[in-house]
Amino acid sequence: IWTSLICGYVEHGKLHNAFDMYERMGKACVSPTCYTLMPFVKAYANTRDVERGQYMHIQIVKYGFETDIFTGSGLVDMYAKCGLLHEARHVFNNMPLVTIVSWTALIAGYAENGFEHEAMKYYIQMQDKGILPDGVTYVRILKICGILGSLEIGRDIDNKVRKQGLLQKDIVLGNALVDMYAKCGVLE
């Protein structure tokens with residue numbers, strides 16, 4: 001019940017009420033689950049509230065959820081969105097299992113903070129480790145290709161997307177391809 005109430009408050013932008021509920025939960029000696037804490041992490045990532053995000057990170061460690069894949073990916077995303085790339089990378093490096101979600105959060109964080117070349121390096125590392133990009137990852141990389149004018153990589157992604165049949169399923173991906181080609185000056 002506690003987690004449902006907290007999630008409801010967070011979903012409706014009432015972070016103060018959600019945090020009050022979290023404190024009441026603690027006073028009632030009810031331990032949170034990772035599903036109790038993650039809405040806070042996501043909300044603090046979106047509002048770029050690093051101080052409260054770090055507090056939630058402490059809570060995650062306190063309750064032993066730091067090895068959870070879902071939680072780790074959320075923390076990578078939160079730190080990256082807040083511009084704390086060193087912390088994002090630290091969490092990423094200490095995850096027992098890194099997924100496409102974790103890689104994409106790290107790549108997006110570097111790109112959104114103006115480090116497109118580093119983001120591209122992580123994209124290459126991800127593939128070297130055998131992680132297959134998904135549509136979300138491709139959209140992020142295509143945006144970087146447009147910024148950097150990396151037509152060759154963009155064309156390679158176009159081929160991969162077509163082979164995987166992703167283009168028919170994802171209009172955002174199609175728009176990202178159009179945008180990448182336009183930014184690279186290939187209007188035809």
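C29 is exposed in this predicted model, because its relative accessible area of 71% lies over the 50% cut-off for that class. This residue is found in the loop between α2 (15-27) and α3 (34-47), and its backbone has a positive phi of about 60° although C29 is not a glycine. Most residues other than glycine have a negative phi.

A second case of this kind is found at R48, where phi is near 60°, again a positive value in a residue other than glycine. R48 sits in the loop between α3 and α4 (50-62), and with a relative accessibility of 44% R48 counts as partly exposed.

Turning from the backbone to charged side chains, the count of salt bridges comes to six, among them the pair formed by D49 and R52, whose side chains meet at 3.6 Å, N to O. Both partners count as partly exposed, D49 at 25% relative accessibility and R52 at 44%.

Another of these salt bridges joins R140 to E112, with the closest N and O atoms 2.6 Å apart. This pair links distant parts of the chain, since R140 belongs to helix α9 (residues 135-148) and E112 to helix α7 (residues 100-112), 28 residues apart. R140 is partly exposed at 30% relative accessibility, as is E112 at 40%.

Within a single helix, α10 (residues 151-164), D156 and K160 lie four residues apart, about one turn of the helix, and they form a salt bridge whose closest N and O atoms are 3.2 Å apart. D156 is partly exposed, with a relative accessible area of 35%, and K160 is also partly exposed, with a value of 24%.

Key. Residues numbered from 1 in each chain as written. Predicted model: local features only at pLDDT ≥ 70, side-chain atom pairs only at ≥ 80, totals over all residues. Heavy atoms only, no water. Helix = DSSP H or I, 4+ residues; strand = E, 2+ residues; numbered from the N terminus. Buried < 20%, exposed > 50% of the residue type's maximum accessible area, 1.4 Å probe, protein only. Salt bridge = Lys/Arg side-chain N within 4 Å of Asp/Glu carboxyl O.
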